[in-house]
Amino acid sequence: MATRQKLLDSAGPVFAQRGYYSATVREICKRAGANVAAVNYHFRDKLGLYAEVLNQCARAAPVEQMRAALDQSGSPEDILRDVIRARVQGLRKDAFPNWYLRIFAHELTEPTPAMSRLINRVSRPIYHRLLELIAKIIGVPPHHTKTKLCAHSVMGQILFYVFAGPVLTRFSPELKMTDEMLDQIANHIADFSLAYLREISRDAKKPRDSAIEVKHARPATN
């Protein structure tokens, strides 16, 4: 195996265990059986190595599947359902090693510049397209606060299973992340989300309440 790949394979678990700031190049190189200078040669520095580990994690996520779902033609509701399904299917047990999630858990408490760059390059474009999709459903501009809150609620339901999945199976063993269960979870999130989004859409189309107009009208004079 090439030295570069050995460094990546060794770096992932170390960063996951210790976090970026506490991990050392020396420990990573020792695990990889490589000289310390190899990190500088292949990745420029520790941050470069960490950035490539994050890229590896991103490639394991269903990014392309989500983009494909967003690119298809169809009703906004159907597209949203397919986007949710694509993301939830990425939770399959064979999708990525369990240390991937531990790296992102470290990022929640100790953010790094590498994660910011990854978000700008990969996640932000998908996020903006999700805002546009939800805006079409609820009839509110994409960058309206209401649209963003709706998008965050959809994302939050998915992330709950991303981070809490292992714990949930202890409460309810039947919630193992099988393909069938992931389909069920995706449909539930879509049904739950669309029910609320359609309600907002209906409210947006309602004429202004006449009672409000009466309240602000001048009292009649004799």
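Which backbone oxygen does the side chain of Lys46 reach at 2.9 Å? In this predicted model, the side chain of Lys46 reaches the backbone oxygen of Tyr20 at that distance. The legends below describe this site and three other views.

**View 1. Lys46, a buried residue of helix 4 without a salt bridge.** Lys46 belongs to helix 4, which covers residues 46-60. The residue is buried, yet Lys46 has no salt bridge. Asp45 provides the nearest side chain of opposite charge, and that side chain is 9.5 Å away. A salt bridge would require a side-chain nitrogen of Lys46 within 4 Å of a carboxyl oxygen, so the distance of 9.5 Å to Asp45 does not qualify. The side chain of Lys46 instead reaches backbone oxygen atoms: that of Tyr20 at 2.9 Å and that of Ala23, also at 2.9 Å. Leaving aside residues up to four places away in sequence, Lys46 touches Phe15, Tyr20, Tyr21, Ala23, Val25 and Val39.

**View 2. The buried residues of helix 2 and the helices against which they pack.** Helix 2 spans residues 25-32, and its buried residues are Val25, Glu27, Ile28, Cys29 and Ala32. These buried residues pack against helix 1 (3-18), helix 3 (37-43) and helix 4. Val25 appears in the previous view as well, among the residues that Lys46 touches. Just after helix 2, Gly33 adopts a positive phi of about 65°.

**View 3. Arg31, a partly exposed residue of helix 2.** Is Arg31 buried or partly exposed? Arg31 has a relative accessible area of 46% and is therefore partly exposed, since this class lies between the limits of 20% for buried and 50% for exposed. Apart from residues up to four places away in sequence, Arg31 touches Ser10, Pro13, Val14 and Gln17. Arg31 and Arg44 are separated by 13 residues in sequence and by 19 Å in space, from C-alpha to C-alpha.

**View 4. The largest pocket and the helices that line it.** The largest pocket holds about 1,100 Å³ of space. Its lining consists of 34 residues, of which Arg87, Phe104, Ser123, Met155 and Leu159 are the closest to the centre of the pocket. At least two lining residues are supplied by each of helix 4, helix 5 (63-71), helix 6 (76-89), helix 7 (99-109), helix 8 (113-138) and helix 9 (145-171). Which helix gives the largest share of the lining? Helix 8 does, with 9 residues. Helix 4, the helix in which Lys46 lies, is thus shown in this view as one of the contributors to the lining.

Technical notes
Residues are numbered from 1 along each chain as its sequence is written. This is a predicted model: local features need pLDDT of at least 70, side-chain atom pairs count only at pLDDT 80 or more; totals for chains, interfaces and linings use all residues. Side-chain values use heavy atoms; hydrogens and water are left out. Helices (H or I, at least four residues) and strands (E, at least two) are DSSP runs, numbered from the N terminus. Buried means under 20% relative accessible area, exposed over 50%, partly exposed in between (1.4 Å probe, protein chains only). Lys and Arg count as positive and Asp and Glu as negative; His and the chain ends are not counted. A polar contact is a pair of N or O atoms within 3.5 Å; within protein, one must be able to donate a hydrogen and the other to accept it, and residues adjacent in sequence count only if both atoms are side-chain atoms. Contact means heavy atoms within 4.5 Å. On a 1 Å grid over the protein atoms alone, a cavity is a set of points where a 1.4 Å probe fits but cannot get out, and a pocket is an open set with protein on both sides within 12 Å along at least five of seven lines; lining residues have an atom within 4 Å of a point. Grid points are joined across faces, edges and corners, and a volume is the space filled by probe spheres set on the points.
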